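This briefing introduces one protein chain to a reader who has not seen it before. Please look over the sequence and the model first, then read the points below.

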Amino acid sequence: ADNYSKGLLSEILDFVMGTGLIPADGEVWKARRRAIVPALHRKYIASMVGMFGECAMHGAAALEAQASAAAAGTAATTLRSGGSPPPGTVEMENFFSRLTLDIIGKAVFNYDFDSLTNDDPFIQAVYTALREAEYRSTAFVPYWNFPPLRWLVPRQRKCTAALAIINATLDGLIDRCKAMVEAEDAEFGEEYLAAEDPSILRFLIASGEAISSKQLRDDLMTMLIAGHETTAAVLTWTLYCLVNHPADLAAVQAEVDAVLGDEAPTLESVGNLRLTARAIHEAMRLYPQPPVLIRRALEDTVLGGYTVAAGSDIFISVWNLHRSPAHWADPDVFDLGRFGPLDGSTPSEVTTNFAFLPFGGGRRKCVG
């Protein structure tokens, strides 16, 4: 692993993530990993599951309102002129993206976006930055590295303005959190959790680590971007797979009814949603997020019989790996029984000899 860095990925994401956990390399990555991993302790996860449930119910209510509108006859049965969807129709990727943005905003820095019903400037700024990252990943010439062009090109001016909003908002949240930590009379420990603010930001500041506001911003933006878009995509594709397999959908619904009933989810009950988890794992196999991983060789090396020159960027196609007939029977089929008995091991890179990599593998595996 020491022979490779994040390379191209770091360059693309530098303007928005800086030296956050994903793009960082070397000693910076080691320091940020050591700081962030302890924040994800069991008490924090248990607290977050309660918040996940609240956000999910809020989202379900929003969907129910759309369904009621359709049932009342206000929804057309076909697309209206111009190709826009009829009333009562929900574009699910957008819905899940907003839902997960709400969740990760609270989980990471205790910010209530309420993006299902609200469009504040910070939300728009985040999506502007995301679209810019996508654009830079495919542009042939990195003209944005020339300062004059950042002001002459309209899309770069828009990106600069978005970053200013993001930085100002995060700096305000960091300053507020620092003031709260200074005012509290609580001893920091391994499972530190502030009842009024159980966020990762609160843990990082309370730990007493000497860290700049810029590094905190980089960490927060990395977790915000990496955590919400990937999760939204997984939810979208899982729903897509289930609605195309009605028997599996009914089985998952039956499990949720049996395990949860009308109760809010807890850490223990979520662990009992085994078929539901398998549906998610199988959807992540068919539609991994992200579908590619990127590394850069730091020195000349031989990999799988191929000579890789120093400075070369390597694209690891998780999509192709997950659909390879060499590793999977009927690889294009959605199969809830693919990973064995429900009471068996949770599918991971280890249990599949690295044929299943939805969270990467090795020491740079996703911290989430």
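Is Asn 110 buried, partly exposed or exposed? Asn 110 is partly exposed, because its relative accessible area is 25%, which is not under the 20% that counts as buried and not over the 50% that counts as exposed. The model is predicted. The points below cover the nonpolar cores, the helix packing, the sheet, and some single residues and loops.

**Nonpolar cores**

- The largest nonpolar core has 59 residues, and the members that touch the most others are Phe 109, Phe 122, Ile 166 and Leu 224.
- At least two residues of this core come from each of these helices: H1 (8–17), H2 (26–36), H3 (42–74), H4 (92–109), H5 (121–138), H7 (154–183), H8 (200–206) and H9 (213–243).
- A second core of ten residues is separate from it and includes Leu 242, Val 252, Leu 275 and Ala 279.
- In soluble globular proteins, nonpolar side chains tend to be buried together.
- Leaving aside residues up to four places away in sequence, Phe 109 touches Ile 104, Phe 122, Leu 170, Leu 173, Arg 176, Ser 199, Leu 201, Leu 220 and Leu 224.

**Packing of H5 and H9**

- The axes of H5 and H9 are 12 Å apart, and the two helices pack at an angle of about 85 degrees.
- H5 is therefore roughly perpendicular to H9, a term that applies to angles from 65 to 115 degrees.
- On the H5 side the contact is made by Phe 122, Val 126, Tyr 127, Leu 130, Arg 131 and Glu 134, and on the H9 side by Leu 224, Ile 225, His 228 and Glu 229.
- Sorted by class, this contact has six nonpolar residues, three charged residues and one polar residue.
- Tyr 127, a residue of helix H5, is buried, because its relative accessible area is 16% and buried means under 20%.
- Apart from residues up to four places away in sequence, Tyr 127 touches Ser 97, Arg 98, Leu 101, His 228 and Glu 229.
- Tyr 127 and Tyr 240 are 113 residues apart along the chain, and their C-alpha atoms are separated by 24 Å.

**Helix H1**

- Ser 10, Ile 12, Leu 13, Phe 15, Val 16 and Met 17 are the buried residues of H1.
- These buried residues pack against H5, H7 and H9.
- H1 also lies across strands S2 and S5, and runs at about 110 degrees to S2.
- Gly 18 follows H1 and has a positive phi, near 55 degrees.

**The sheet**

- Three strands form an open sheet in the order S1-S2-S5, and their pairing is antiparallel.
- Strands S1 (4–5) and S5 (313–317) are the edge strands, each of which pairs on one side only.
- S1 and S2 run antiparallel and are joined by two bridges; Tyr 4 has Ala 297 in S2 as its bridge partner.
- Strand S2 (residues 292–297) is joined to S5 by five bridges, and these two strands also run antiparallel.
- Between S2 and S5, Val 292 stands opposite Ser 317, and Arg 295 stands opposite Ile 314.
- S2 is mostly covered, with five of its six residues buried.
- In a regular strand the side chains alternate between the two faces of the sheet.

**Loops and single residues**

- The loop between H4 and H5 contains Asn 110, which has a positive phi of about 55 degrees although it is not a glycine.
- Asp 114 lies in the loop between H4 and H5, and its phi is near 45 degrees, a positive value in a residue other than glycine.
- Asp 114 counts as partly exposed because its relative accessibility is 26%, a value between the 20% and 50% cut-offs.
- The peptide bond from Gln 289 to Pro 290 is cis, with omega near 5 degrees, and Pro 290 lies in the loop between helix H12 (274–286) and S2.
- Asp 175 belongs to helix H7 and is partly exposed, with a relative accessible area of 47%.
- Asp 175 and Ser 213 are 38 residues apart along the chain, with their C-alpha atoms separated by 8.7 Å.

Notes
Residues numbered from 1 in each chain as written. Predicted model: local features only at pLDDT ≥ 70, side-chain atom pairs only at ≥ 80, totals over all residues. Heavy atoms only, no water. Core = buried A, V, L, I, M, F, W, Y, C linked by side-chain atoms within 4.5 Å. Buried < 20%, exposed > 50% of the residue type's maximum accessible area, 1.4 Å probe, protein only. Helix = DSSP H or I, 4+ residues; strand = E, 2+ residues; numbered from the N terminus. Contact = heavy atoms within 4.5 Å. Pairing = 2+ DSSP bridges. Axes fitted to C-alpha atoms, helices over the stretch in contact; angles between N-to-C directions. Parallel < 35°, antiparallel > 145°, perpendicular 65-115°, else oblique. Nonpolar A, V, L, I, M, F, W, Y, C, P; charged D, E, K, R; others polar.
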